[in-house]
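Please walk through the following structure with attention both to its overall organisation and to a few individual residues.

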Amino acid sequence: MKKIALLTLFAAVSALAAMPDQKQTYIDKTFASMDTNGDGRVDKTEYTSFQQSRFKNRAQAVDAAFEELDKDKDGKISKAEAIVVPEISRYFDGLDADKDGVLSREEMQRAMIAAQTAESPEK
Ligand SMILES: [Ca+2]
Ligand SMILES: [Ca+2]
């Protein structure tokens, strides 16, 4: 369970660096998962519920990953704590928006939103 949360976060952060040619595959996959009744079209209801469940899952994943990474439970992710997730480690300075050397929960959430925006199909 905790492992899965980290992997989800890992995937989202990796999306920050997603190459354009991976985007089409992502869009196809996303479309298929949004089209719940399989009629080949995504109506507004399907789209809305997809976005809502995705956002909720992401928020929960961030929370779970945050708790898991925050070994000393001070409410912040230090560089040393982030080292177990190479993708976070690599983007650490970029994710640390206020440059205080640690990632707050808010900074982690913001990173997830950024990742989500980066991988959203343009429509
Ligand atoms: Ca900590
Ligand atoms: Ca910070």
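Is I113 buried, exposed or partly exposed, and how many other C-beta atoms lie within 10 Å of its own? I113 is partly exposed, because 15 other C-beta atoms lie within 10 Å, a count that falls between the 12 or fewer of an exposed residue and the 20 or more of a buried one. The residue sits in helix α7, and its C-alpha atom is 9.1 Å from that of A59, although 54 residues separate the two in sequence.

This is a predicted model, and its confidence deserves attention before its details are read. The mean pLDDT of the protein chain is 82, with 76% of the residues reaching 70 or more. Among the elements, the lowest mean pLDDT, 63, belongs to helix α1 (residues 2-15), whereas strand β1 (residues 76-78) has the highest, 97. Where pLDDT is low, the predicted coordinates should not be read in detail.

The protein chain contains seven helices and two strands, which follow one another from the N terminus in the order α-α-α-β-α-α-α-β-α. Of its 123 residues, 17% count as buried. When contacts between residues at least 6 apart in sequence are considered, 60% of them join residues at least 24 apart.

A UniProt annotation, from an unreviewed entry, assigns "domain: EF-hand" to residues 22-56, 57-92 and 95-118. In the model, residues 22-56 are 74% helix and 0% strand, with the end C-alpha atoms 24 Å apart. For residues 57-92 the corresponding distance is 22 Å, and that span is 64% helix and 8% strand.

Helix α3 has 26 residues, and the distance from its first C-alpha to its last is 37 Å, close to the 38 Å expected at 1.5 Å a residue. Its buried residues are A61, V62, A65, F66 and L69. This helix also enters the largest nonpolar core, a set of 16 residues in which V62, F66, L69, I77, A82 and M108 touch the most other members. At least two residues of this core come from each of α3 (44-69) and α7 (105-119), and α3 gives the largest share, five residues.

Two members of this core show how separate parts of the chain meet. F66, which is found in helix α3, is buried because 20 other C-beta atoms lie within 10 Å, and 20 or more is the condition for that class. Leaving out residues up to four places away in sequence, F66 touches I77, R105 and M108. The C-alpha atoms of F66 and L103 are 9.5 Å apart in space, while the two residues are 37 apart in sequence. A82, for its part, is in contact with L69, I77, I88, S89, F92 and L103 once its neighbours within four places in sequence are set aside.

The loops offer a further point of backbone geometry. Most residues other than glycine have a negative phi. K73, however, has a phi near 55 degrees, a positive value in a residue other than glycine, and K73 lies in the loop between α3 and β1. K99, likewise not a glycine, has a positive phi of about 55 degrees and is found in the loop between α6 (92-95) and β2 (102-104). Are these two lysines buried or exposed? K73 is exposed, because 7 other C-beta atoms lie within 10 Å and 12 or fewer is the limit for that class. K99 is exposed as well, with 7 other C-beta atoms within 10 Å.

Key. Residues are numbered from 1 along each chain as its sequence is written. Chains are lettered from A and ligands numbered from 1 in the order in which they are written. This is a predicted model: local features need pLDDT of at least 70, side-chain atom pairs count only at pLDDT 80 or more; totals for chains, interfaces and linings use all residues. UniProt positions are given in the numbering used here, feature names are shortened, and annotations may be inferred rather than shown by experiment. Helices (H or I, at least four residues) and strands (E, at least two) are DSSP runs, numbered from the N terminus. Two residues are in contact if their C-beta atoms, placed from the backbone, lie within 7 Å. A nonpolar core is a set of buried Ala, Val, Leu, Ile, Met, Phe, Trp, Tyr and Cys residues joined through C-beta atoms within 7 Å. pLDDT is the predictor's confidence in each residue, from 0 to 100. The expected span of a helix is 1.5 Å times one less than its number of residues.
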